[in-house]
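Me: Please take a close look at a single part of this model and describe its surroundings. I would then like the account to widen to the strands and to the contact between the chains.

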2 protein chains.
Amino acid sequence: MSEHFLLFDVGGTDIKAGLANTNGDILQVLREPTRKTAPEESAAELVTQLGEISRRLTAESGTTPVSAGLAVCGLVDPENGIGIFSANLGWRDAPLQAMARETLGVPVGFGHDVAMAARAELELGSGAKDAALRRNAVVMVIGTGIANALMVDGRLISAGGYAGELGHAQVPGGLPCACGATGCLETLGSAGAIAKRYLAATGKRGGAREVFAARAAGDQVAAGIIHDAIEALTFTMAQLCSSVAPEGIVLGGGLAQAGPSFFAELRESLHRRLSFHREPRLIPAHLGADAGLQGAMILAGDAAGRSARIAL
Amino acid sequence: MSEHFLLFDVGGTDIKAGLANTNGDILQVLREPTRKTAPEESAAELVTQLGEISRRLTAESGTTPVSAGLAVCGLVDPENGIGIFSANLGWRDAPLQAMARETLGVPVGFGHDVAMAARAELELGSGAKDAALRRNAVVMVIGTGIANALMVDGRLISAGGYAGELGHAQVPGGLPCACGATGCLETLGSAGAIAKRYLAATGKRGGAREVFAARAAGDQVAAGIIHDAIEALTFTMAQLCSSVAPEGIVLGGGLAQAGPSFFAELRESLHRRLSFHREPRLIPAHLGADAGLQGAMILAGDAAGRSARIAL
């Protein structure tokens with residue numbers, strides 16, 4: 001019987017789970033809503049749910065996993081296996097790695113969902129043939145919010161789980177944010193902000209995609225909102241050029257699919273903000289929605305004491 | 001005859017030089033203005049000046065140095081011994097380590113002035129008894145310009161020499177900068193900017209110290225300029241909280257000596273900008289003006305193939 005890895009990518013809305021062989025082929029994937037409970041029960045409930053998913057996946061395939069990879073959202077302390085805080089799910093200082101190990105009965109590799117998706121992107125996606133990206137890069141996933149991972153001098157930085165919260169960095173003209181601060185990048189530069197501001201200005205519902213379509217059709221309100229988003233994003237990117245100086249910024253999430261003209265506009269705006277700084281390449285992410293599972297695969301391989309190679 | 005290290009801390013305004021024994025006792029210190037020449041001659045002129053200082057120091061003490069530590073300002077590639085760019089002094093891609101080795105006739109350890117002063121500060125100064133600072137901290141030296149070092153997850157980050165150029169990060173309201181960009185922190189938040197803006201507004205010459213004194217005496221122009229500096233500095237600090245999340249920000253240089261009320265104002269302004277972020281402690285640097293020389297001592301020890309211990 002061949003060996004298999006269990007993969008879990010736990011987001012605030014959904015859990016994506018999978019079973020993979022040790023060649024890195026993902027054989028099965030399932031997705032179900034992350035169960036919501038009282039905050040103090042959220043960690044136990046999550047691990048119960050992971051156990052149920054595990055039994056379902058292994059019963060269907062008739063395999064026994066050798067290890068699991070568990071990537072979770074929120075503030076994470078990967079070194080100590082702790083979920084520090086999840087605003088969406090509620091746990092605080094939960095020893096998720098040890099709890100999952102007990103329930104699943106196999107070694108569990110544990111990490112942050114975005115950091116691990118970024119590691120997969122940089123090791124297996126856009127960075128696979130690009131050593132400069134694997135040394136110094138920023139991965140920005142621009143969707144409802146903006147999630148980020150910073151690779152600096154060849155290491156994903158953590159700062160106790162607080163690194164890479166660029167969605168909540170101040171930008172000029174930024175608006176009051178749900179986090180309690182004012183001026184956060186997410187209030188102008190996210191796909192969610194573009195849709196929300198367009199709705200507020202015009203009464204028209206839709207996603208960022210519809211706002212881009214409206215701009216293409218000559219809508220000046222849409223053009224202004226997209227302009228603000230681009231300026232906000234490149235303001236933050238320029239800040240990164242002055243602090244961690246990435247060689248490339250890899251853009252994923254819904255907004256990164258707004259097309260080549262969006263990337264050209266970002267590049268032009270970023271260029272204007274820089275002088276002697278190292279100007280990063282702006283690169284669309286290669287890995288799609290499975291980047292989180294592929295990150296969990298890296299964790300599972302680490303836990304099993306081997307390097308997982310993922311078939312792309 | 002005992003062994004000695006030559007120490008050089010080359011700033012845009014002054015060169016500080018010293019002679020130390022291998023126990024880390026700094027025996028002699030001298031300071032003189034960094035000579036200004038045409039940019040294309042600046043590297044050769046610097047090394048000539050270092051040679052003259054070396055002869056003076058060694059003639060006075062009658063010793064022969066075993067190695068030198070050379071810490072220089074600007075963009076630095078310490079791995080390859082290159083001064084990439086100095087806005088103040090003018091060189092570009094100058095092989096300063098090799099040039100200094102040839103002129104001084106001893107092995108030369110080479111690094112960035114601020115990175116090395118920061119390393120000394122975090123290993124021997126404020127971080128000596130503070131493990132959190134030695135893991136995640138930012139050191140900002142606020143003088144004529146603003147120079148910085150970022151300690152992230154226990155490592156000083158480099159990004160090929162481009163990391164930590166926070167003086168050239170954009171801030172709201174920032175002015176055109178000598179670097180060619182517009183809005184750099186240095187144009188509002190440095191001691192140099194405070195003095196220069198006060199001179200332009202009032203015709204009164206002096207340093208930042210005099211502007212603080214004028215504010216204390218009720219001068220509203222001085223108050224406005226200092227307010228702008230504080231807001232610009234905490235804007236950049238808040239950006240760092242969203243990217244590398246330091247546990248402390250250590251402030252050195254002339255402006256850090258503006259006194260406790262300056263620190264209280266910075267803390268209050270920074271606090272206002274943050275929400276869930278980890279709020280860093282703002283800490284005055286313990287090492288004084290000699291931090292750069294102590295950093296050069298670490299370099300000289302490295303070049304001599306031994307660990308220099310510095311007497312504090």
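Reply: Apart from neighbours within four places in sequence, Leu274(B) is in contact with Ala238(B), Cys241(B), Glu279(B) and Pro280(B). The model is a predicted one. Leu274(B) sits in the loop between α9 (260–273) and β13 of chain B. Its relative accessibility is 12%, so Leu274(B) counts as buried, the limit being under 20%. Ser242(B) is 32 residues away from Leu274(B) in sequence, and the two C-alpha atoms are 9.1 Å apart in space.

The strand that follows this loop, β13 (281–284) of chain B, is one of the edge strands of an open sheet, the other being β11 (155–156); each of them pairs on one side only. That sheet has five strands in the order β11-β10-β9-β12-β13 (chain B), with mixed pairing. At the β11 end, strand β10 (residues 146–152) of chain B runs antiparallel to β11(B) and is joined to it by two bridges. Val152(B) has Arg155(B) in β11(B) as its bridge partner.

Another group of strands lies earlier in chain B. Strand β1 (residues 4–10) of chain B pairs with β2(B) in the antiparallel sense over seven bridges, and the two form a hairpin with three residues between them. Within this pair, Asp9(B) stands opposite Lys16(B) in β2(B). β2(B) also pairs with strand β3 (residues 26–33) of chain B, again in the antiparallel sense and over seven bridges. Here Leu19(B) stands opposite Gln28(B) in β3(B). Four residues separate the strands of the β2(B) and β3(B) hairpin, where Gly24(B) takes a positive phi near 95°. Strand β2 (residues 14–21) of chain B is mostly covered, with seven of its eight residues buried.

In chain A, Lys16(A) belongs to strand β2 (residues 14–21). Lys16(A) is buried, because its relative accessible area of 9% falls under 20%. Its side chain makes a polar contact of 2.9 Å with the side chain of Asp290(A). Beyond four places in sequence, the residues that Lys16(A) touches include Asp9(A), Val29(A), Ala289(A) and Leu293(A).

Ala217(A) offers a contrasting setting, in the loop between α7 (208–216) and α8 (220–243) of chain A. With a relative accessibility of 69%, Ala217(A) counts as exposed. Leu96(A) is 121 residues from Ala217(A) in sequence and 49 Å from it in space, C-alpha to C-alpha. Also in chain A, UniProt (unreviewed entry) places the feature "domain: Post-SET" at residues 173–189. That span is 24% helix and 0% strand, and its end C-alpha atoms lie 11 Å apart.

The two chains are brought into register by a rotation of 179° with 0.3 Å of shift along its axis, which superposes chain B on chain A with an RMSD of 1.6 Å. The copies are thus related as by a two-fold rotation axis. The same surface serves both, since 92% of the contact residues of chain B recur in chain A. Chain B contributes 39 residues to the contact and chain A contributes 37 residues. Between them the chains bury about 3,000 Å², 59% of it on carbon and sulfur atoms. Of the area that chain B buries against chain A, 20% is supplied by Tyr162(B), Gln170(B) and Phe276(B), more than by any other three residues.

Note on methods
Residues are numbered from 1 along each chain as its sequence is written. Chains are lettered from A and ligands numbered from 1 in the order in which they are written. This is a predicted model: local features need pLDDT of at least 70, side-chain atom pairs count only at pLDDT 80 or more; totals for chains, interfaces and linings use all residues. Side-chain values use heavy atoms; hydrogens and water are left out. Two strands pair if DSSP finds at least two bridges between them. Buried means under 20% relative accessible area, exposed over 50%, partly exposed in between (1.4 Å probe, protein chains only). A polar contact is a pair of N or O atoms within 3.5 Å; within protein, one must be able to donate a hydrogen and the other to accept it, and residues adjacent in sequence count only if both atoms are side-chain atoms. Contact means heavy atoms within 4.5 Å. Copies are superposed by least squares on the C-alpha atoms of residues with pLDDT of at least 70 in both. UniProt positions are given in the numbering used here, feature names are shortened, and annotations may be inferred rather than shown by experiment. Buried area is the accessible area (1.4 Å probe) that two parts lose on being put together, summed over both.
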